[in-house]
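Open the model in your viewer and keep the sequence panel beside it. We will go from one selection to the next.

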Amino acid sequence: MIWNLVSANPARVAGLNDRGSFDTGCRADLILVDDADPAHPQVVATMVGGKLVYSSGRLRRKPALGKLVVSIKNGDHKDRTK
């Protein structure tokens with residue numbers, strides 16, 4: 001899984017046990033990127049410790065287009081819409 005290569009494994013190797021995965025008790029450091037134009041991705045928002053610390057002003061409140069999923073420790077996802 002690509003997530004292990006870019007987040008989970010580097011955090012584990014660095015000894016940062018509270019980072020690298022979407023799980024209860026983790027820090028929730030996130031960067032939201034708009035890749036509508038893959039040649040020019042743009043940072044839309046940044047969260048540190050689960051708190052919004054940067055917003056480009058492009059965030060809008062509207063219904064999500066996809067399904068809500070919750071990450072489970074082993075990397076699988078559970079559909080929470082049923």
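Here is a short tour, beginning with the whole chain and then moving to single elements and residues.

This is a predicted model, in which local features need pLDDT of at least 70 and side-chain atom pairs count only at pLDDT 80 or more, while totals for chains, interfaces and linings use all residues. Residues are numbered from 1 along each chain as its sequence is written, and side-chain values use heavy atoms, with hydrogens and water left out.

**Stop 1: the whole protein.** Colour by secondary structure and you will find one helix and five strands, in the order α-β-β-β-β-β from the N terminus. Helices (H or I, at least four residues) and strands (E, at least two) are DSSP runs, numbered from the N terminus. Now show the surface: about 6,900 Å² is exposed, with carbon and sulfur atoms supplying 57% of it (Shrake-Rupley method, 1.4 Å probe; for residues, only the protein chains shown count as cover). Of the 82 residues, 9% count as buried; buried means under 20% relative accessible area, exposed over 50%, and partly exposed in between.

**Stop 2: helix 1.** Select residues 2-13. The end C-alpha atoms of helix 1 lie 16 Å apart, which agrees with the 16 Å expected for 12 residues at 1.5 Å a residue (the expected span is 1.5 Å times one less than the number of residues). Which residues of helix 1 are buried? Show S7, A8 and A11 to see them. They sit on the same side of helix 1, because they cover an arc of only 80° around the axis (the arc of the directions from the helix axis to the C-beta atoms). On the other side, I2, L5 and V13 are exposed. Just after helix 1, pick G15, whose phi is positive, near 75°.

**Stop 3: a nonpolar patch.** Add M1, from the segment before helix 1; M1 counts as exposed because its relative accessibility is 58%. Then select M1, I2, W3, L5, V6 and F22 together: they make a nonpolar surface patch of about 680 Å². Patch residues have over 30% relative accessible area and no salt bridge, with like charges joined within 9 Å and nonpolar side chains (Val, Leu, Ile, Met, Phe, Trp, Tyr) within 5 Å. A salt bridge is a side-chain nitrogen of Lys or Arg within 4 Å of a carboxyl oxygen of Asp or Glu.

**Stop 4: T46.** Move on to strand 2 (residues 42-48) and centre on T46. Is T46 buried or exposed? T46 counts as buried, because its relative accessibility is 19%. Leaving aside residues up to four places away in sequence, T46 touches L30, I31, K51, L52, V53 and Y54 (contact means heavy atoms within 4.5 Å).

Technical notes. Buried means under 20% relative accessible area, exposed over 50%, partly exposed in between (1.4 Å probe, protein chains only).
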